[in-house]
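Here is a short report on one protein chain. Read it with the sequence and the structure side by side.

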Amino acid sequence: MCGICGELRLDDNQPDLGLVARMLDKIARRGPDHSGSYSDGPLALGHRRLSVIDLSERANQPMIDPDLGLAMVFNGAIYNYPELRRELQAKGYQFFSSGDSEVIIKAFHAWGEGCVERLHGMFAFAIWNLRSKELFLARDRMGIKPLYFSQNGSSFRFASNTQALLCARDLDVSIDPVALHHQLTLHAVIPAPRTILNGIRKLEPGTSMRINLRGEVSTHRYWQLSA
């Protein structure tokens, strides 16, 4: 288990690094082995790591690949990463780590947003394209790994738990009445994308999202259970 968070400014301002630090504190229990942050212009990323596969510092996050122009934070495990790694190496990609995190970066560069269809496992991740200045997020097919987000006119934020997003002072914390209805009638379950708060939403399972600096969001359901 790891924890991820980040802020993308949509108003030409710099991200609030103090806010990201507070968000990291709220996800600290998810990753006791390493804490890292990264910023590039309007974006800041944070990560708390629980080391599982590649135990070296090379696998610390946020993970940056300057040659590909990509930065990533990732929570989860990709079960077929050895096979994907070999396929990517055959395409000419070279790796600086031995775990599954870097495989996602290379896969995104090789296959674009469709890379999620090749990933077998449980995951929530965010990839920042340093060149196009777009943020891409994805969640695994069954929604095993959590991914919450909030958006207003000035910023887009995401995190592994709601407590991290509550660090922001401009969050709408009013109760979502539809979510409250679900909470009281569906065995205390609120289906995605809603949460109990109007200002926080969940990325749906089997779904990816792309957001640019104009605040334009597009989502794609890359998988759903067949009837």
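## Backbone exceptions

Aspartate 12 sits in the loop between β1 (3-9) and α1 (17-26). The model is a predicted one. Aspartate 12 is not a glycine, yet its phi is positive, at about 70°. Is aspartate 12 buried or exposed? Its relative accessible area is 79%. The cut-off for exposed is over 50%, so aspartate 12 is exposed.

Lysine 133 also has a positive phi, of about 55°, although it is not a glycine. This residue belongs to the loop between β6 (121-129) and β7 (134-139). Lysine 133 has a relative accessibility of 25% and counts as partly exposed. Most residues other than glycine have a negative phi, and most peptide bonds are trans.

## Cis peptide bonds

Where is the peptide bond cis, with omega at about 0°? It joins glutamine 61 and proline 62. Proline 62 lies in the loop that runs between β3 (43-49) and β4 (63-65).

A cis bond also leads from alanine 192 to proline 193. Here omega is near 15°. Proline 193 is placed in the loop between α5 (177-185) and β10 (201-202).

## The loop after α5

Valine 189 is likewise found in the loop between α5 and β10. Its relative accessibility is 45%, so valine 189 counts as partly exposed.

Which residues does valine 189 touch, leaving aside its neighbours within four places in sequence? The contacts are His182 and Gln183. Phenylalanine 96 is 93 residues from valine 189 in sequence. In space the two are 41 Å apart, C-alpha to C-alpha.

## The open sheet

Six strands form an open sheet: the count is 6, and the order is β4-β5-β6-β7-β11-β12. The pairing is antiparallel. The edge strands are β4 and β12 (217-221), and each of them pairs on one side only. Neighbouring strands of this sheet are turned against each other by 15° on average, direction ignored.

How many bridges join β4 to β5? There are 3, and the two strands run antiparallel. One bridge pairs isoleucine 64 with alanine 71 in β5. Helix α3 lies across β4, β5, β6 and β7. It runs at about 120° to β5.

## Strand β9 and its partners

β9 covers residues 155-159. How many of its 5 residues are buried? The count is 5 of 5, so β9 is largely enclosed by the rest of the structure. Ser155, Arg157 and Ala159 point one way from the strand. Phe156 and Phe158 point the other way. Residues on both sides are buried.

β9 runs antiparallel to β1, and 5 bridges join the two. Within that pairing, glutamate 7 has arginine 157 of β9 as its bridge partner. β9 also runs antiparallel to β8 (residues 148-151), with 4 bridges between them. Arginine 157 is the bridge partner of serine 150 as well. What do β8 and β9 form? They make a hairpin, with 3 residues between the strands.

## The largest pocket

The largest pocket has a volume of about 250 Å³. Its lining counts 22 residues, and the closest to the pocket centre are Cys2, Leu50, Val52, Gly76 and Asp100. Two elements give two or more residues to this lining: β5 (70-78) and α3 (101-111).

Which element gives the most to the lining? The answer is β5, with 4 residues. By class, the lining holds 10 nonpolar, 7 polar and 5 charged residues. β5 thus appears in both the pocket lining and the open sheet. The helix α3 appears in the lining too, and it lies across β5.

Key. Residues numbered from 1 in each chain as written. Predicted model: local features only at pLDDT ≥ 70, side-chain atom pairs only at ≥ 80, totals over all residues. Heavy atoms only, no water. 1 Å grid on protein atoms, 1.4 Å probe; cavity = no way out; pocket = protein on both sides within 12 Å on 5 of 7 lines; lining within 4 Å. Points joined across faces, edges and corners; volume = space filled by probe spheres on them. Nonpolar A, V, L, I, M, F, W, Y, C, P; charged D, E, K, R; others polar. Buried < 20%, exposed > 50% of the residue type's maximum accessible area, 1.4 Å probe, protein only. Pairing = 2+ DSSP bridges. Axes fitted to C-alpha atoms, helices over the stretch in contact; angles between N-to-C directions. Contact = heavy atoms within 4.5 Å.
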